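Work through the exercises below with the sequence and the structure open. Try each task before reading its solution.

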Amino acid sequence: DYYRKEGEKEKAFEELKLGFSNPNLDVDTKVNILLSFYTINEIVSSMKSEAFELAELLVETHPEDPKVYSIYGDLLSQDQQFEKARDAFLQVIELDSGKYIVWEELLRMDLLMSDYEHLRQYGNLAVELYPEQPVTILFTALAELQLKKYREAKKLLDQGLKLVVNNNELLAQYYMYQGDVF
């Protein structure tokens, strides 16, 4: 903060890197700092390389913490590095499979990369873990549809359609893919 207030951005960043490299410093504080870079990253692209450098340090320093992979995956996703983002989200799931939103992001990366086999594989796992989530069911049905597994796609679409509540856009997608299945 001192260096930043004095206008010495390079020194401030060097100190920040030292803090991020220290495994004894609180990971949640580091994540919050990186989140502020993430917000800045959306506006000021000149901060992007620094945000990535800090995220990579965070992953190296705290390799057993799923939060660090999650924020790194979000950063990569925003930068349209979908394959690397998927790898980061896979690491989160390996460490902690109990975060639904990470499963959804993982499936979204597969969809963006048109990797329907991977989407089908992990989509079916997500549907088993979260059978009440219509988005993961829809993604998995789309994978089945793209792989010409029409019966499986129809079964998933019928299952998920019952779960859509107060979301006309999602409902329209379900009906559209049902039409494609037929």
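The exercises deal with helix packing and nonpolar cores.

The model is predicted, so local features need pLDDT of at least 70 and side-chain atom pairs count only at pLDDT 80 or more, while totals for chains, interfaces and linings use all residues. Residues are numbered from 1 along each chain as its sequence is written, and side-chain values use heavy atoms, with hydrogens and water left out.

**Exercise 1. Check the length of α9 against its number of residues.**

Step 1. Helices are DSSP runs of H or I with at least four residues, and strands are runs of E with at least two, numbered from the N terminus. Helix α9 covers 134-146.

Step 2. The expected span is 1.5 Å times one less than the number of residues. For the 13 residues of α9 this gives 18 Å.

Step 3. The end C-alpha atoms of α9 are 18 Å apart, which agrees.

Step 4. Just after α9, Lys148 takes a positive phi of about 60°.

**Exercise 2. Is α9 largely enclosed or not, and what does α9 pack against?**

Step 1. Buried means under 20% relative accessible area, exposed over 50%, and partly exposed in between, with a 1.4 Å probe and protein chains only.

Step 2. In α9, 11 of the 13 residues are buried, so the helix is largely enclosed by the rest of the structure. The buried residues include Pro134, Phe139, Leu142 and Glu144.

Step 3. These buried residues pack against α7, α8, α10 (150-161) and α11 (168-181).

Step 4. Take Thr140, which lies in α9. Its relative accessibility is 0%, so Thr140 counts as buried. Contact means heavy atoms within 4.5 Å. Not counting residues up to four places away in sequence, Thr140 touches Arg120, Gly123, Asn124, Val127 and Leu156.

**Exercise 3. Describe how α4 and α5 pack, then do the same for α6 and α7.**

Step 1. Two packed helices are described by the angle between their axes and the distance between the axes. Axes are lines fitted to C-alpha atoms, for helices over the stretch in contact, and angles run from 0 to 180 degrees between N-to-C directions.

Step 2. α4 and α5 pack at about 155°, with axes 9 Å apart. That makes α4 roughly antiparallel to α5 (under 35 degrees is roughly parallel, over 145 roughly antiparallel, 65 to 115 roughly perpendicular, and the rest oblique).

Step 3. The α4 and α5 crossing is left-handed (the near helix is turned anticlockwise from the far one by less than a right angle; clockwise would be right-handed). Among the residues that meet are Ala51, Phe52 and Leu58 in α4 and Val68, Ile71 and Tyr72 in α5.

Step 4. For α6 and α7 the angle is about 150° and the axes are 9 Å apart. These two helices are therefore roughly antiparallel, and α6 passes α7 in a left-handed crossing.

**Exercise 4. Which residues touch the most other members of the largest nonpolar core?**

Step 1. A nonpolar core is a set of buried Ala, Val, Leu, Ile, Met, Phe, Trp, Tyr and Cys residues joined through side-chain atoms within 4.5 Å.

Step 2. The largest core has 38 residues, and Leu34, Leu54, Leu58, Tyr72 and Trp103 touch the most other members. α4 gives the most to this core, with 7 residues.

Step 3. Leaving aside neighbours within four places in sequence, Leu58 is in contact with Phe20, Val27, Lys30, Val31, Leu34, Val68 and Ile71.

Step 4. A second, separate core of 14 residues includes Leu142, Leu145, Val164 and Tyr177.
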